[in-house]
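Welcome to this tour! Open your viewer, keep the selection tool at hand, and let us walk through the model one stop at a time.

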Amino acid sequence: MYKLDLPVDYKEAAAIERRRQMEEERKSRIFNAKTRTIGVDRQAIDQQIFDKKQYEEYERRRHEAFAADAVRNDMIAEMLQKRQEEDIRALARAENEFRSLHQQPSSRREFDLYDPDALKKDKPARVHDDDPRCGISSLQKFDGEDLNGKARSKFQAEQARNWFSEQMQEKEQAKQNQDMADKLYDLKMRELDERACDLAKAEQDCRRAIEMATKDFNAAQDRERKEKERLKKQQDLDDNLTEIANHIYGDILTENPAVSQSAFGPHRVIPDRWKGMTPQQLEKIRNDQERQRMENERLRQEEELRNKEWERQQNANARAGLLLEREMERKRKDLEKQQADENRRLALEQKAHLDFLDKEVYTNPPTASYFMQFNTTTR
């Protein structure tokens with residue numbers, strides 16, 4: 001007997017209920033045509049929404065960071081601008097101080113044109129007779145006035161004496177220089193003459209040595225030429241004697257049959273060197289021809305026997321093929337008859353099977369409730 005009063009296992013009941021709930025959710029997803037065809041993934045959509053919010057938060061923080069950087073850069077630019085303005089003001093103060101200390105009106109180049117104390121600082125019109133400011137139109141010095149005439153005459157006499165002494169010294173020095181130059185010129189000319197004599201003597205010695213060397217070279221060349229001519233004559237004589245001996249004892253005059261053999265094979269000869277066949281060669285050719293004739297006659301007889309045997313075998317094969325073809329035709333007709341009988345039997349069996357299905361098997365046609373039992377679960 002089955003025990004029906006067993007206690008309920010709540011853990012197993014919860015598991016069964018959980019599986020039933022999961023099955024219902026799966027059915028709602030599978031049998032919902034819209035969800036099945038569109039294929040909405042709730043988890044993927046939630047992940048996309050979460051990613052989008054994170055990206056928006058990242059962009060918001062990024063813009064805030066850029067704004068803070070912009071504010072900081074503006075403050076730095078304002079501080080730099082203030083520092084630049086202070087530097088400009090300090091530079092202007094330093095420039096004004098430098099002008100007040102080092103660029104006074106009295107240090108200007110054209111200050112003498114508008115100096116208020118110019119008359120107090122001006123020199124007198126004439127200091128002495130040699131004042132360079134006293135020109136022709138200065139009206140400070142006139143003809144006939146010579147306040148320094150004695151001093152000037154004394155200075156001129158002293159100057160003339162100095163000039164004369166300097167001219168005498170220059171003349172004496174020029175004479176000494178000329179004498180020294182003449183002496184050096186004579187020494188140089190003497191040295192050049194001696195050097196020319198030495199060069200002429202060396203040139204004569206060199207020319208004499210060249211003439212002797214040329215003479216010896218010409219004599220050596222003459223001896224070498226004579227020796228070459230003698231050797232050439234001896235070589236020509238030896239070549240002529242060798243050629244005569246070759247002609248006398250050569251293959252042409254001795255009619256050597258080996259000369260007519262060609263390099264293309266021992267069965268070929270050179271026509272311009274061939275002296276004709278020997279009697280032994282002619283006899284050998286006749287014997288070979290007779291042997292070839294007999295061999296051809298034997299081969300002809302064998303060919304005739306072979307052809308007769310081949311015709312006999314062809315006739316026998318034709319008769320055997322005809323008998324074999326008749327046997328195969330008889331077997332083919334028997335096989336076709338058996339196949340027709342088998343087809344009729346199979347047709348009768350198939351007809352009986354169809355009658356059995358229509359009358360015995362297919363007596364209960366399916367109703368609508370039969371088709372409603374499908375697609376009720378997800379498994």
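Select Phe-111 first. Is Phe-111 buried or exposed? Phe-111 is buried, with a relative accessible area of 16%; buried means under 20% relative accessible area, exposed means over 50%, and partly exposed lies in between, using a 1.4 Å probe and protein chains only. Now add Tyr-114, which is partly exposed at 43% relative accessible area. A search of the whole structure finds 1 aromatic pair. That pair is Phe-111 with Tyr-114, arranged edge-to-face, with 5.6 Å from centre to centre and 85 degrees between the planes. Here, rings of Phe, Tyr and Trp (the six-membered ring of Trp) pair if their centres lie within 6.5 Å; planes under 30 degrees apart count as stacked, over 60 as edge-to-face, and the rest as tilted.

A word on what you are looking at: this is a predicted model, in which local features need pLDDT of at least 70 and side-chain atom pairs count only at pLDDT 80 or more, while totals for chains, interfaces and linings use all residues. Residues are numbered from 1 along each chain as its sequence is written, and side-chain values use heavy atoms, with hydrogens and water left out.

**Zoom out**

Show the whole chain as a cartoon. How many helices and strands does the protein have? The secondary structure comes to 8 helices and 2 strands. Helices (H or I, at least four residues) and strands (E, at least two) are DSSP runs, numbered from the N terminus. Trace the chain from the N terminus and you will meet the elements in the order α-α-α-α-α-α-β-β-α-α.

Try colouring by accessibility next. Of the 379 residues of the protein, 4% count as buried. The protein exposes about 36,700 Å², and carbon and sulfur atoms supply 56% of this area; accessible areas come from the Shrake-Rupley method with a 1.4 Å probe, and for residues only the protein chains shown count as cover. Among contacts (heavy atoms within 4.5 Å) between residues at least 6 apart in sequence, 21% join residues at least 24 apart.

**Helix α3 and the loop after it**

Select residues 42-102, which make up helix α3, and find Glu-95 there. Glu-95 is partly exposed, with a relative accessible area of 39%. The Glu-95 side chain makes a polar contact of 2.6 Å with the side chain of Arg-99. A polar contact is a pair of N or O atoms within 3.5 Å; within protein, one must be able to donate a hydrogen and the other to accept it, and residues adjacent in sequence count only if both atoms are side-chain atoms.

Move on to Pro-105, in the loop between α3 and α4 (118-121). Pro-105 is partly exposed at 37% relative accessible area. Draw a distance line between the C-alpha atoms of Pro-105 and Asp-115: these residues are 10 apart along the chain, and the atoms are separated by 9.2 Å.

**Charged partners**

Side chains of opposite charge can pair when their charged atoms come close. A salt bridge is a side-chain nitrogen of Lys or Arg within 4 Å of a carboxyl oxygen of Asp or Glu, and by this rule the count comes to 34. Select Glu-57, Arg-60, Arg-61 and Glu-64 together to see a network of salt bridges.

Now go to helix α5 (residues 149-249), home to Glu-203 and Arg-207, which sit 4 residues apart, about one turn of the helix. Their closest N and O atoms are 2.9 Å apart in a salt bridge. Glu-203 is partly exposed at 46%, and Arg-207 is partly exposed at 41%.

Next, pick Arg-208 and Asp-205, whose salt bridge has its closest N and O atoms 3.1 Å apart. Where do these two sit? Arg-208 and Asp-205 are 3 residues apart in helix α5, so about one helical turn separates them.

Continue to Asp-222 and Arg-225, also in helix α5 and 3 residues apart. The closest N and O atoms of this salt bridge are 2.6 Å apart. Asp-222 is partly exposed at 27%, as is Arg-225 at 40%.

**Last stop: a nonpolar patch**

Select Leu-237, Leu-241, Ile-244 and Ile-248, which form a nonpolar patch on the surface with about 380 Å² of accessible area together. Patches are made of residues with over 30% relative accessible area and no salt bridge: like charges are joined within 9 Å, and nonpolar side chains (Val, Leu, Ile, Met, Phe, Trp, Tyr) within 5 Å. One of the four, Leu-241, lies in helix α5.
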